[in-house]
Amino acid sequence: MTTGIFTGSFDPFTIGHDNIVRRALPLFDRLIIGVGINEHKQYMQDARQRQARIQELYRNEPHITVKTYDDLTIDFARREKADYIIKGVRSVKDFEYEREVADGIYQLTGIDTLLLYADPKLAFLSSSMVRELIHFGKDVRQFLP
């Protein structure tokens with residue numbers, strides 16, 4: 001059984017994240033969405049709320065599990081016996097950052113990272129942008145699954 005994990009803070013989980021999940025799903029027998037908790041970040045929603053929203057979105061998809069974690073992604077990946085880590089990239093800046101992280105993860109664990117490029121129609125979209133729009137009272141429903 002091949003297991004992939006897709007990790008992030010997902011605050012909020014956007015249609016861009018959903019696009020990556022749906023494109024990665026056929027590649028794995030099991031896909032785990034790991035909702036990360038970083039004590040140094042301030043979130044709009046707590047981890048349980050983020051987890052519940054994502055679980056609801058994929059309630060009819062038996063190959064997807066949603067879990068929270070508050071340690072290193074490498075420890076989460078090992079615990080879940082992940083074969084691959086999935087990350088979405090929107091730009092060269094994302095690519096460079098994710099490549100460096102992927103290199104470190106591989107050196108530490110031997111787990112490969114699969115980078116999926118964002119759908120060009122969604123490459124502008126980020127959770128940070130959505131949070132900013134929410135802060136200023138804008139309707140963000142078009143960016144959320």
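## Aromatic residues

In this predicted model, one aromatic cluster is formed by F6, F10, F13 and Y58. The structure as a whole holds six aromatic pairs. One of them brings together F10 and F13, whose ring centres are 5.3 Å apart and whose planes stand at 65°, so this pair is edge-to-face. F10 has a relative accessibility of 3% and therefore counts as buried, and F13, at 9% relative accessibility, counts as buried as well.

Another aromatic pair, that of Y69 and F76, is stacked, with 4.3 Å from centre to centre and 10° between the planes. Y69 is buried, since its relative accessible area is 7% and the limit for a buried residue is under 20%; F76, with a relative accessible area of 1%, is buried too. An aromatic ring also takes part in a contact with a charged side chain, for R50 lies over the face of Y43, at 3.9 Å from the ring centre.

## The largest pocket

The largest pocket has a volume of about 1300 Å³. Its lining is made up of 45 residues, and those that lie nearest the centre of the pocket are T7, G8, S9, K87 and E98. Two or more residues of this lining come from each of the elements β1 (3-8), α1 (15-24), α3 (73-79), β4 (84-89), α4 (92-109) and α5 (127-135). Of these, α4 gives the largest share, with eight residues.

In chemical character, the lining of the largest pocket divides into 18 nonpolar, 17 polar and ten charged residues.

## The second largest pocket

For the second largest pocket, the volume is about 240 Å³. The residues that line this pocket are F10, P12, F13, M44, Q45, R50, R53, I54, L57, L144 and P145, and they divide into eight nonpolar, one polar and two charged.

Several residues of this lining recur in the contacts described above. F10 and F13, which both line the second largest pocket, belong to the aromatic cluster with F6 and Y58. R50, also part of the lining, is the residue that lies over the face of Y43.

## Salt bridges

Side chains of opposite charge can pair when their charged atoms come close. A search of the whole structure finds nine salt bridges. In one of these, the side chains of R59 and E56 meet at 2.9 Å, taken from N to O. R59 is exposed, with a relative accessible area of 56%, whereas E56 is partly exposed, with a relative accessible area of 44%.

R90 forms a salt bridge with D94, and the closest N and O atoms of this pair are 3.0 Å apart. Here R90 is partly exposed, at a relative accessible area of 37%, while D94 has a relative accessibility of 16% and so counts as buried. The side chains of D139 and R141 likewise meet in a salt bridge, with 2.7 Å from N to O; D139 is partly exposed, with a relative accessible area of 47%, and R141, at 63% relative accessibility, counts as exposed. Besides these pairs, E96, R99 and D103 are joined into one network by salt bridges that share partners.

Technical notes. Residues numbered from 1 in each chain as written. Predicted model: local features only at pLDDT ≥ 70, side-chain atom pairs only at ≥ 80, totals over all residues. Heavy atoms only, no water. 1 Å grid on protein atoms, 1.4 Å probe; cavity = no way out; pocket = protein on both sides within 12 Å on 5 of 7 lines; lining within 4 Å. Points joined across faces, edges and corners; volume = space filled by probe spheres on them. Helix = DSSP H or I, 4+ residues; strand = E, 2+ residues; numbered from the N terminus. Nonpolar A, V, L, I, M, F, W, Y, C, P; charged D, E, K, R; others polar. Phe/Tyr/Trp six-rings, centres within 6.5 Å; stacked < 30°, edge-to-face > 60°. Buried < 20%, exposed > 50% of the residue type's maximum accessible area, 1.4 Å probe, protein only. Lys NZ or Arg CZ within 6 Å of the ring centre and 35° of its normal. Salt bridge = Lys/Arg side-chain N within 4 Å of Asp/Glu carboxyl O.
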